[in-house]
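User: I am new to this structure. Please take a close look at one part of it, the pocket, and then walk me through whatever else helps me find my way.

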Amino acid sequence: LLGSSGIHANGLSLARKLAERLPLGYLTEVEPGSTFGAALLAPTVLYSPVTEALAAAGVAVHYAVNVTGHGWRKLLRHPRALGYRVHRLPPVPPVLQFMARQAGLDHAEAYGTLNMGAGFALFVPAEQAGRCVEVARGCGVSAWDAGRVEHGPKRLCIEPLGIVFEGDALGLR
């Protein structure tokens, strides 16, 4: 997983609704010295330099996907019946913690809607995972060897939180 810099493109409708109900709106403090509005405007990390550096380093990327729009459920987008086991989570940016708390989202809803610290997922052979993390960090992007891919059924297990998204979870809600 490659780290996110904040909200990116997922959850902006929720962010607008939250701002409407917060007494100070976008000026509400998310953490000392940072307002909700400023946190929402944080530039999105660009992942293309990482993918280019991985190609140059000879790392075989089998699949890549943005963690947007449907949160972590987006990992289920691959057409094959693959199972994903995540056993290491990235830190969650303060703005996403704030949004989940203010919206009353449980872990499943938060991870099924927001990126919760993972902006991009790269699927590489297990023996190249360490090199992938090293290359990404060399590009200034946080990265983690977060789990493994298994043959079917199509399901995402976020083990540290006990969350399971089945294959049909990517559909519109």
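Analyst: First, the terms. Helices (H or I, at least four residues) and strands (E, at least two) are DSSP runs, numbered from the N terminus. A pocket is found on a 1 Å grid over the protein atoms alone: it is an open set of points where a 1.4 Å probe fits, with protein on both sides within 12 Å along at least five of seven lines. Lining residues have an atom within 4 Å of a point.

The model is predicted: local features need pLDDT of at least 70, side-chain atom pairs count only at pLDDT 80 or more, and totals for chains, interfaces and linings use all residues. Residues are numbered from 1 along each chain as its sequence is written, and side-chain values use heavy atoms, without hydrogens and water.

Now the pocket. The largest one holds about 710 Å³ of space. That volume is the space filled by probe spheres set on the points, with grid points joined across faces, edges and corners. Its lining has 30 residues, and the closest to the centre are Leu122, Phe123, Val124, Arg148 and Val149. Strand S5 (82-86), strand S6 (118-123), helix H6 (129-138) and strand S7 (147-151) each give two or more residues to this lining. S7 supplies the largest share, 5 residues. By type, the lining has 21 nonpolar residues, 4 polar and 5 charged. Here Ala, Val, Leu, Ile, Met, Phe, Trp, Tyr, Cys and Pro count as nonpolar, Asp, Glu, Lys and Arg as charged, and the others, Gly among them, as polar.

Next, the cysteines. A disulfide is a pair of cysteine sulfur atoms within 2.5 Å, and the count is 0. Cys132 is in no disulfide; its nearest cysteine sulfur, in Cys139, is 9.9 Å away. That is too far for a bond. Cys132 is buried at 7% relative accessibility, while Cys139 is partly exposed at 33%. Buried means under 20% relative accessible area, exposed over 50%, and partly exposed in between (1.4 Å probe, protein chains only).

Turn to helix H4 (residues 94-103). Val95, Leu96, Phe98, Met99 and Ala100 are buried there. Their cover includes helix H1 (12-21), strand S2 (29-31), helix H2 (36-40) and helix H5 (107-111). Gly104 follows H4, with a positive phi near 70°.

Last, Ser34. This residue sits in strand S3 (residues 34-35). Ser34 is buried, at 18% relative accessible area. Leaving aside residues up to four places away in sequence, Ser34 touches Thr28, Glu29 and Ala39, where contact means heavy atoms within 4.5 Å.
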